[in-house]
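Hi everyone, thanks for coming. Have a look at the structure on the screen, and I'll walk you through a few places in it.

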Amino acid sequence: MKTTDEPDSANTPETKGGLRARLPALLRGDLVSSGEAASPASGEEYAAQPVPAERQVHWPAVAIISAMVAFSLPTFITGAEVFLASSNDDAIVAVVTGCLALALIASISGAIGAATHLSSYMLTRIAFGNRGAAFVNLAFAVSLLGWFGVNIDLFGGALQRLLGEGLGLHPPLWLIELGAGAAMTATTIYGFRAINLLSTLLVPVMMVTTALLLAAALDLRDLSASFAVQQASTLSLGDAISSVIGGMIVGAVILPDVTRFLRDWRGAVYTALLSYVAVQTLVMTVGGLAADALGNDDFLDVMLVLGMSAAAFVIVIAGSWVLNSLNLYSATLSVEATTQRLPNTPLIVLLGALGTVAAFFNILDAFLTFLFYLAIVFVPVAGVIAVDYLFVRRDAYGRLDSIDSMRASALGAWLLGSAIALLGAEGVISGSGIAALDAMLAAALGYFLLARLGPST
């Protein structure tokens, strides 16, 4: 579809002015017209349709959700583990570098979601074709549902311990996990608006909690002396950066699930910068300094020793609630965008129940390795979509009624990137030393070459 101020030549790489001049046009999202934003067939969350103009919001409403995820317990734990396994200066470099890389990935994927107003799973369908995307999207759903269960397991164990040590209460683990799963599922049923409201209420609380944790950690150490003492490192700098990126990269890849509600693509960049550069860098550093002050990477131990059991309750409950609601929300979008047959609310309840039951049976320890490898092969998907939208077939993202059945060039590039990700994770090959970035770049370059030199599908 062509707008009145955009000539046909804007779709070609030969447009005068170069990439810098083309980026605003590439990302502004003119291709989705008001006529294409009709009532969706799959519920008000628009799993398989562009978000209509009346549901779009300004960027702070989305940024606060993404920021709340950065305040979650896994972020604190990642910071603690990186600082305990690295020297302090290496840990700071790893956190800053990793968060900058995540912000770049999130900016690109989120901006495309905001420009098209489509979820990450619809973007995958367009780039890979209906049949090609079916496996990728359902694998995404399995991964997100698995992490939903993992986080309930983590939440249940942490809350049970805090209740026992802080209040002398000893509820059974299954009861905590059942309540957590029900609360997170109920929030997801109400969709983006409920998650946004919950995040708006909890972000100020998490900011105060993080500030108190930083003050408590600094009371135990002379910060300047801390950086003068170099502890033995068990992680190389590259591995430390990979730990920062690897633990959070799926969230950056699927950021379109929330940025599609934005009115302007620039809001996605602001969201990524706030979430990854500002909040996540701060949270990982605070968690790392607190753990390093006590020489303990068990984050709950650290909080309890610092006399911050109430703050620990806030971090465990608030962070896990929003993070897991988003996991279930994205898993539901994935299934809906792929099947387009299942009603929204029963699907959320079903998926939430499956994730909660998985936590009950404590099968998730064995599942973690599977989830790790499943996550790293998703990263190349973002590279393929970025190149497809920015350089190859931008006009295809405005034609939802004519999505290809299968796109071999996209699948081939994804397989190439996935192979590099797996080989890099096993230490067989090493490019930049950060397997996720190597995989994304390989997939992006491979797709560009295949799309330009090979057949269109």
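Let's start at G181, which sits in helix 7, residues 173-189. Please keep in mind that this is a predicted model. Is G181 buried or exposed? Its relative accessible area is 2%, so G181 is buried. Now, which residues does G181 touch, if we skip those up to four places away in sequence? They are F148, I152 and T356. There is also a nice long-range pair here: G181 and G355 are 174 residues apart along the chain, yet 7.9 Å separates their C-alpha atoms.

Those partners lead us to a pair of helices. In general, two packed helices are described by the angle between their axes and the distance between the axes. Our pair is helix 6, residues 130-167, and helix 15, residues 344-360. Their axes come within 8 Å and cross at roughly 50 degrees. Helix 6 and helix 15 are therefore oblique to each other, and their crossing is right-handed. Where do they meet? On the helix 6 side you'll find L145, F148, G149, I152 and D153. On the helix 15 side, look for L351, G352, L354, G355, T356 and A359. You may recognise F148, I152 and T356 from the contacts of G181.

Next stop, helix 12, which covers residues 266-294 and holds T285. T285 has 17% relative accessibility, and because the cut-off for buried is under 20%, T285 counts as buried. What does the side chain of T285 have close by? One of its polar atoms lies 2.7 Å from the backbone oxygen of T281. That spacing along the chain brings up a handy general point: an α-helix has 3.6 residues a turn, so residues three or four places apart point the same way. Leaving aside neighbours within four places in sequence, T285 is in contact with F83, I92 and V95.

Just after that, in the loop between helix 12 and helix 13, we reach D297. This one is a change from T285: with 42% relative accessibility, D297 counts as partly exposed. Without its neighbours within four places in sequence, the contacts of D297 are A80, L84 and A291. D297 also has a long-range pair to show you, since its C-alpha lies 9.2 Å from that of A85, and the two are 212 residues apart in sequence.

Now for a loop residue with a twist in its backbone. H117 lies between helix 4, residues 88-116, and helix 5, residues 120-128. Its phi is near 65 degrees, a positive value in a residue other than glycine. As a rule, most residues other than glycine have a negative phi. H117 counts as buried, at 7% relative accessibility.

One more helix before we zoom out. Helix 17, residues 379-392, has 14 residues and reaches 19 Å from its first C-alpha to its last, close to the 20 Å expected. Of its 14 residues, 12 are buried, so helix 17 is largely enclosed by the rest of the structure. Among the buried ones are P380, G383, D388 and Y389.

Finally, the whole chain. How many helices and strands are there? The chain has 19 helices and 0 strands. Of its 457 residues, 54% count as buried. And among contacts with a separation of 6 or more, 84% are between residues 24 or more positions apart. Thanks for listening, and do ask if anything was unclear!

Methods:
Residues are numbered from 1 along each chain as its sequence is written. This is a predicted model: local features need pLDDT of at least 70, side-chain atom pairs count only at pLDDT 80 or more; totals for chains, interfaces and linings use all residues. Side-chain values use heavy atoms; hydrogens and water are left out. Helices (H or I, at least four residues) and strands (E, at least two) are DSSP runs, numbered from the N terminus. The expected span of a helix is 1.5 Å times one less than its number of residues. Buried means under 20% relative accessible area, exposed over 50%, partly exposed in between (1.4 Å probe, protein chains only). A polar contact is a pair of N or O atoms within 3.5 Å; within protein, one must be able to donate a hydrogen and the other to accept it, and residues adjacent in sequence count only if both atoms are side-chain atoms. Contact means heavy atoms within 4.5 Å. Axes are lines fitted to C-alpha atoms, for helices over the stretch in contact, and angles run from 0 to 180 degrees between N-to-C directions. Angles under 35 degrees count as roughly parallel, over 145 as roughly antiparallel, 65 to 115 as roughly perpendicular and the rest as oblique. A crossing is left-handed if the near helix is turned anticlockwise from the far one by less than a right angle, and right-handed if clockwise.
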